[in-house]
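This report concerns selected local features of a protein model. It turns to the contacts of one residue, then to a strand, a cavity and a pocket.

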Amino acid sequence: MTLRLGAVADDYTGASDLANTLTKAGLRTVQTIGVPDPALALPDVDAVVVALKSRAIPADDAVALSRAACGWLTERGAAHVMFKVCSTFDSTDAGNIGPVMDALRADLGAATILVSPAFPETQRTVYQGHLFVGTVPLSESPLKDHPLNPMHDSNLVRVLARQSAGRIGLIDLATMEAGPEAVRARCAALAETGIGAAIADAVFERHLEVMGIVALDQPVSVGASGLGLGLARALGRAGPDRATAAAPLAALGGPAAILAGSCAAATLEQIRIAETVLPVLRLAGAALVTERARAVAEALAWARERLPHGPVLIAASGTPEEVAALQARFGRTESGHAIEQASADLAEGLVAAGVRRLVVAGGETSGAVVDRLGLPAFLLGPEIAAGVPVLATVGAPLEMRFALKSGNFGGPDFFARALEAMP
Ligand SMILES: Nc1ncnc2c1ncn2[C@@H]1O[C@H](COP(=O)(O)OP(=O)(O)O)[C@@H](O)[C@H]1O
Ligand SMILES: O=C(O)[C@@H](O)C(=O)COP(=O)(O)O
């Protein structure tokens with residue numbers, strides 16, 4: 001297998017989002033969970049997205065994991081490695097985007113590289129280095145209340161400069177609009193002043209295409225699915241009408257369930273809508289932290305009673321006020337971690353109860369669930385909503401279907417749509 005593109009993703013939902021974009025653009029793609037075991041038989045693909053759970057761990061650990069993943073990809077022929085980060089640039093002043101970017105640049109001997117979380121399909125645009133989520137700047141969006149990495153600064157040049165050892169430049173929209181040669185000239189000028197990374201503005205797909213072409217001049221780039229689209233188009237020299245490489249997936253049947261650990265505004269609304277069509281159990285955050293075993297056992301008993309009659313949804317998700325109150329009591333990391341582990345307990349119990357189709361809302365939540373279930377890799381099925389594909393297990397003892405939904409993605413009826421898309 002010689003890879004045309006390699007990617008290292010900092011969480012599992014983000015990895016499936018990127019793998020979905022690459023697949024839709026015609027690249028046969030597999031998502032692995034961490035660096036694959038040599039014994040894992042991977043299908044013949046054009047791109048591999050190595051999913052890490054490295055967004056909210058200590059920066060040194062994120063760097064070590066990312067370097068190992070990058071090395072594995074380049075050994076398999078990937079001449080370019082994309083570091084996939086969140087389209088809302090989820091990170092803190094300690095990292096991990098800057099430290100990982102610095103390490104991959106050094107390992108691969110890169111000059112000035114492009115960095116852009118723009119993903120216009122999900123209304124993430126970048127102008128003058130400022131990230132917009134829909135119509136509002138990042139710092140006024142629901143991301144200001146994220147339980148693990150609240151985003152309070154929309155200026156990504158500033159955000160990344162706080163995380164990186166180097167200085168950060170900007171490639172503004174006028175330059176992106178002027179095309180690849182103008183962007184190349186700007187990169188060369190930045191390189192001469194010792195600037196090794198630049199935030200690239202992007203508002204429309206044509207800017208992503210320019211980004212993809214220029215990004216390939218260097219061995220590494222950093223961004224979200226929009227950059228992935230640009231890279232795939234540049235590699236394939238194909239237009240937007242290129243056929244999808246998604247695998248046709250057979251129906252599995254059997255019980256289905258939804259687990260929600262995201263507290264994103266979009267997920268809270270999706271849970272509210274789901275309540276009108278299926279049984280929903282809302283768990284109390286405090287009980288999950290202080291009496292996890294009991295709370296999980298009760299939730300599983302509730303689910304087992306209902307699963308024979310149709311899908312169920314179990315949600316730990318809280319409003320910003322509930323999250324703030326829980327964190328004030330138990331600490332941010334501690335409450336987040338405890339609830340992620342409770343979600344993993346629930347997933348394990350649901351699978352033991354026969355569930356083979358599972359929707360998980362939340363990036364860290366998905367990471368905890370997939371790790372607990374010991375799943376080595378996923379093949380890409382059809383897209384459910386922008387950034388969320390159906391995933392089929394590869395190399396796992398049980399054949400299952402998953403949808404790993406980024407907290408912020410999907411419309412209000414996402415859960416019903418997801419269940420329909422994974423019969
Ligand atoms: N009620 C709650 N109170 C506090 N934290 C919560 C609550 N419910 C879930 N969490 C935590 O919030 C975090 C949500 O992050 P994540 O799963 O990545 O979602 P998203 O995709 O929206 O970022 C997880 O660490 C999860 O355990
Ligand atoms: O780029 C994105 O927005 C997503 O792919 C992503 O990374 C989402 O992260 P979570 O919201 O933590 O799932």
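In this predicted model, P382 touches A246, A247, L249, P389 and V390, leaving aside residues up to four places away in sequence. P382 belongs to strand β16, which spans residues 377-385. Is P382 buried, partly exposed or exposed? Its relative accessibility is 38%, and P382 is therefore classed as partly exposed, since that class lies between the limits of 20% and 50%. S317 stands 65 residues from P382 along the chain, and the C-alpha atoms of the two are separated by 27 Å.

**Strand β5**

Strand β5 covers residues 113-116, and both of its faces are covered. I113 and V115 point to one side, L114 and S116 to the other, and all four are buried. In a regular strand, side chains alternate between the two faces of the sheet. Strand β5 has parallel partners, listed below with one bridge partner from each.

| Partner of β5 | Bridges | Sense | Residue pair |
|---|---|---|---|
| β10 (residues 197-200) | three | parallel | I113 and A197 |
| β11 (residues 220-223) | two | parallel | V115 and V222 |

**The largest cavity**

A search of the whole structure yields one cavity of 30 Å³ or more. The volume of the largest cavity is about 50 Å³. Its lining consists of L259, A260, L283, L288, I314, A315, A316, I339, A342, S343 and L346. By class, ten of these residues are nonpolar, one is polar and none is charged. At least two lining residues come from each of β12 (256-260), β14 (312-315) and α13. Of the contributors, α13 gives the most, with four residues.

**The second largest pocket**

The second largest pocket holds about 370 Å³ of space. It is lined by 21 residues, of which R55, A56, I57, L148 and T333 are the closest to the centre. Which helix supplies the largest share of this lining? Helix α13 (residues 332-352) does so, with five residues. The lining of the second largest pocket comprises six nonpolar, nine polar and six charged residues. Domain 1 (5-237) and domain 2 (256-421) each contribute at least three residues to this lining.

Helix α13 thus recurs in both descriptions: it gives the most to the lining of the largest cavity, and it also provides the largest share of the lining of the second largest pocket.

Methods: Residues are numbered from 1 along each chain as its sequence is written. Chains are lettered from A and ligands numbered from 1 in the order in which they are written. This is a predicted model: local features need pLDDT of at least 70, side-chain atom pairs count only at pLDDT 80 or more; totals for chains, interfaces and linings use all residues. Side-chain values use heavy atoms; hydrogens and water are left out. On a 1 Å grid over the protein atoms alone, a cavity is a set of points where a 1.4 Å probe fits but cannot get out, and a pocket is an open set with protein on both sides within 12 Å along at least five of seven lines; lining residues have an atom within 4 Å of a point. Grid points are joined across faces, edges and corners, and a volume is the space filled by probe spheres set on the points. Ala, Val, Leu, Ile, Met, Phe, Trp, Tyr, Cys and Pro count as nonpolar, Asp, Glu, Lys and Arg as charged, and the others, Gly among them, as polar. Domain bounds come from an automatic or database domain assignment. Buried means under 20% relative accessible area, exposed over 50%, partly exposed in between (1.4 Å probe, protein chains only). Two strands pair if DSSP finds at least two bridges between them. Contact means heavy atoms within 4.5 Å.
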